[in-house]
Amino acid sequence: MKDSELETMRKSFNTVKKRSNDIKDSQSTKRLESRVREIKRYSIENNSELLNQALESFKRNDIEVSIAKTAQDALNIIDELLKHYKTKSIAKAKSNTLGEINLKGHLADSGIDVVETDLGDRILQLKKTDNKPVHPTGPASHLNISKITDIVNESLDVNVNPEAREIMQTVRQDVLNRLKDANVGISGANAIAAEEGSLVMVHNEGNISIVSLKDLHIIVAGIDKIVPCLEDAISLVKLETIFATGNYVTSYMNVISGPSKTADIEKKLLKNMYGAERVVVILLDNGRSEATPECLYCIGCGNCVVHCPVYNAVGNEFGFNNYLGGRGVAMSKFLEDDETCYNSGLYMCTLCGLCTLNCPVAIPTNEIIENMRKLSTDVGFYPKAHGIIKDNVSQNDSPY
Ligand code: SF4
């Protein structure tokens, strides 16, 4: 990242820090943190049982569901679904899981335009190069208004002024035009309630509603998103919102528990009244079953990176794909391999523990990383005096 981008990112992070302190420190938030930690602990320990329960509940709700062992499996399932919907464009909502499986890159090869509906994500998409997000809910927090204006003007061939509302309206109109004929929407989910077979999604822009009103709504979510019931799912997304945005709730919370349907004419069941006629859920494993359990407690608020001294210094170079900071580095070992983990910044971490102190579910990321470092030396990845490099050396040369 450029110095100017890092500076803008740090300014944005400081705004988030100031805005959210009162809510984060309140007694009710402390109680919610304990509750969500317990929900996540229980859910990860009982993931297989909850997964089976979710599968049954989805079927009962007329939601089609598949399990994808790998990212490629998920892409294959999506390809198969799209054959029946000859769409040239797809409405996409913000999702780390879709970034994980490289959905956009994959579908670009098939000539399908995957249009980001979240404003920050769309700005990054228009930027074309160096367009990795810097925060899970504020992906373009490193770009100032002048830079965003240039991006929008160049990519959309318009002449907007550096004025936030004007930019927002221009991007919105362009997105809606591109999605006029799209009949497929795709998103992730913030939490999944096993008992009810419901998927919970939070958003401020109203864009999930656009995605879920297409004929086919595909939802790709990690198996770690499953919690016992809807009350637990709501607790989780409420805590995520507090730590991501500094607000108690987002403008919208969608709970999707089946396709759109009506029986208002002689009790004849009809699908696809306004919303999707098919809701298809793809539950992604992709290494999660092998992961250090605490890594899966993450609720995706991004508060760790806001407070991380390394991340504030180097930006999204510290992390893997859309999974930013130390926790992202740790996850990369399971989502990819040891080498990816090493190259994502295994040895950048200062082990200061500020991420854990600022994590609402207290993931001991520094301890996990320290342990991974020990293991990494066994497979030839360790730091050397002049920078961080990989070297296949004998154990005698290892600093450990
Ligand atoms: S590791 Fe903790 S602070 Fe970081 S995104 Fe996950 S839940 Fe939030």
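Which residue takes a positive phi just after α17? In this predicted model, the residue is G380, with a phi of about 90°.

The helix that precedes G380, α17, comprises the 14 residues 365-378. At 1.5 Å a residue, a helix of this length should span 20 Å, and the C-alpha atoms at the ends of α17 are 20 Å apart, so the expected and computed spans agree. The buried residues of α17 are T365, N366, I368, I369, M372, R373, S376 and T377. An α-helix has 3.6 residues a turn, so residues three or four places apart point the same way. The buried residues of α17 pack against three helices, namely α14 (325-335), α15 (338-343) and α16 (354-357).

The protein chain is divided into two domains. Domain 1 is made of two segments, 47-117 and 179-288, whereas domain 2 covers residues 302-397. The C-alpha centres of domain 1 and domain 2 are separated by 30 Å. Contact between the domains involves 10 residues of domain 1 and 10 residues of domain 2.

Two buried positions were examined together with their contacts. K92 belongs to strand β2, which consists of residues 89-92. With a relative accessibility of 4%, K92 falls under the 20% cut-off and therefore counts as buried. Beyond residues up to four places away in sequence, K92 touches L98, L103, K104, V114, V115, E116, T117, D118, I186 and V211.

G197 is located in the loop that runs between β5 (191-193) and β6 (198-203). The relative accessibility of G197 is 0%, so G197 also counts as buried. When neighbours within four places in sequence are left aside, the contacts of G197 are S57, F58, N61, I63, I256 and S257. The C-alpha atom of G197 is 7.7 Å from that of L55, although the two residues are 142 residues apart along the chain.

On the surface, L213, M273 and Y274 make a nonpolar patch of about 370 Å². L213 lies in the loop between helix α10 (207-212) and strand β7 (216-222). The relative accessible area of L213 is 48%, a value between the limits of 20% and 50%, and L213 is therefore classed as partly exposed.

How values were computed: Residues are numbered from 1 along each chain as its sequence is written. This is a predicted model: local features need pLDDT of at least 70, side-chain atom pairs count only at pLDDT 80 or more; totals for chains, interfaces and linings use all residues. Side-chain values use heavy atoms; hydrogens and water are left out. Helices (H or I, at least four residues) and strands (E, at least two) are DSSP runs, numbered from the N terminus. The expected span of a helix is 1.5 Å times one less than its number of residues. Buried means under 20% relative accessible area, exposed over 50%, partly exposed in between (1.4 Å probe, protein chains only). Contact means heavy atoms within 4.5 Å. Patches are made of residues with over 30% relative accessible area and no salt bridge: like charges are joined within 9 Å, nonpolar side chains (Val, Leu, Ile, Met, Phe, Trp, Tyr) within 5 Å. Accessible areas come from the Shrake-Rupley method with a 1.4 Å probe; for residues, only the protein chains shown count as cover. A salt bridge is a side-chain nitrogen of Lys or Arg within 4 Å of a carboxyl oxygen of Asp or Glu. Domain bounds come from an automatic or database domain assignment.
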